Amino acid sequence: MKPIFILNGPNLNRLGKREPEIYGTTTLAEIEAMCREAAGSRPLRFHQSNFEGEIVEWIHEAIDEGAAGIIINPAALTFTSIAILDALKMFPGPIIELHISNIHRRESYYHNSFVSKIATAVMAGFGPTGYPLALQAMAGLAGHETAPSFRHRRDRNI
Ligand code: CA2
């Protein structure tokens, strides 16, 4: 069974320690445990990095492994990284962009996501629970490549 990659960007290793009013008190390790429980027998590759290039290389690994899908919370790189966008463009499977907070209800500099230009779906505002919810949603996307949003992504000249 092909793995699902869950990739996390800068500072998410600090979850649970700072800004609980925005991100809650759940740590990233606890989120990973929630994901592994939700995934059941589906293999997961769960990563976090404060470095853009490392995230790009994990996207390359997902491409090379023929991963079933990518769930990515790029954190601040969401709004700045063309490198991550370019890497995601090479991935043929479904991509879910995931944010703990509702980025559209926050400061304006959090409103323009590069990753949303390629993502099959975007989830934001569910808190840490968004991660197992995204896994549940990915099960549907990965299993039905004819889903309208997924088919749209393949048809788009990107
Ligand atoms: O809501 C999300 O998941 C974000 O991707 C989190 C990013 C933020 O830049 C995005 O706009 C939305 C920030 C990740 C940093 O998380 C921290 C966690 C604890 C303490 C400090 C930062």
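1. In this note, helices are DSSP runs (H or I) of at least four residues, numbered from the N terminus. The model under discussion is predicted. On that definition α2 covers residues 28-39, and Arg36 and Glu32 both belong to α2; because they are four residues apart in this helix, about one helical turn separates them.

2. Arg36 and Glu32 form a salt bridge, with 2.9 Å between the closest N and O atoms. In general, side chains of opposite charge can pair when their charged atoms come close. The structure contains three salt bridges.

3. The loop between α1 (20-23) and α2 holds Thr26. Although ten residues separate Thr26 from Gly16 in sequence, their C-alpha atoms are 4.8 Å apart. Neighbours within four places in sequence being set aside, the contacts of Thr26 are Leu15, Gly16, Ile31, Met34 and Pro128. Gly16 thus appears both in the C-alpha distance and among the contacts of Thr26.

4. The sheet is open and has five strands, ordered β2-β1-β3-β4-β5 with parallel pairing. At its edges are β2 (44-48) and β5 (121-124), each of which pairs on one side only. From one strand to the next, the twist averages 15 degrees. As a general matter, strands of a sheet pair through backbone hydrogen bonds, either parallel or antiparallel.

5. How many bridges join β1 to β2? There are five, and the two strands run parallel, with β1 comprising residues 4-8. Within this pairing, Asn8 has Gln48 of β2 as its bridge partner.

6. Helix α3, residues 52-65, lies across three strands of the sheet, namely β1, β2 and β3 (69-73). Relative to β1, α3 runs at about 175 degrees.

7. Around the ligand there are 18 residues, of which Arg18, Asn73, His99, Ile100 and Ser101 come nearest. Polar atoms of His99, Ile100 and Ser101 may be considered in turn. A polar atom in the side chain of His99 is 3.0 Å from a ligand oxygen atom. For Ile100 the polar atom belongs to the backbone, and its distance to an oxygen atom of the ligand is 2.7 Å. For Ser101 an N or O atom of the side chain lies 2.6 Å from an oxygen atom of the ligand. The ligand exposes 510 Å² when taken alone, and the protein buries 93% of that area.

Notes: Residues are numbered from 1 along each chain as its sequence is written. This is a predicted model: local features need pLDDT of at least 70, side-chain atom pairs count only at pLDDT 80 or more; totals for chains, interfaces and linings use all residues. Side-chain values use heavy atoms; hydrogens and water are left out. Two strands pair if DSSP finds at least two bridges between them. Axes are lines fitted to C-alpha atoms, for helices over the stretch in contact, and angles run from 0 to 180 degrees between N-to-C directions. Contact means heavy atoms within 4.5 Å. A residue is near a molecule or strand if one of its heavy atoms lies within 4 Å of it. A polar contact is a pair of N or O atoms within 3.5 Å; within protein, one must be able to donate a hydrogen and the other to accept it, and residues adjacent in sequence count only if both atoms are side-chain atoms. Accessible areas come from the Shrake-Rupley method with a 1.4 Å probe; for residues, only the protein chains shown count as cover. A salt bridge is a side-chain nitrogen of Lys or Arg within 4 Å of a carboxyl oxygen of Asp or Glu.
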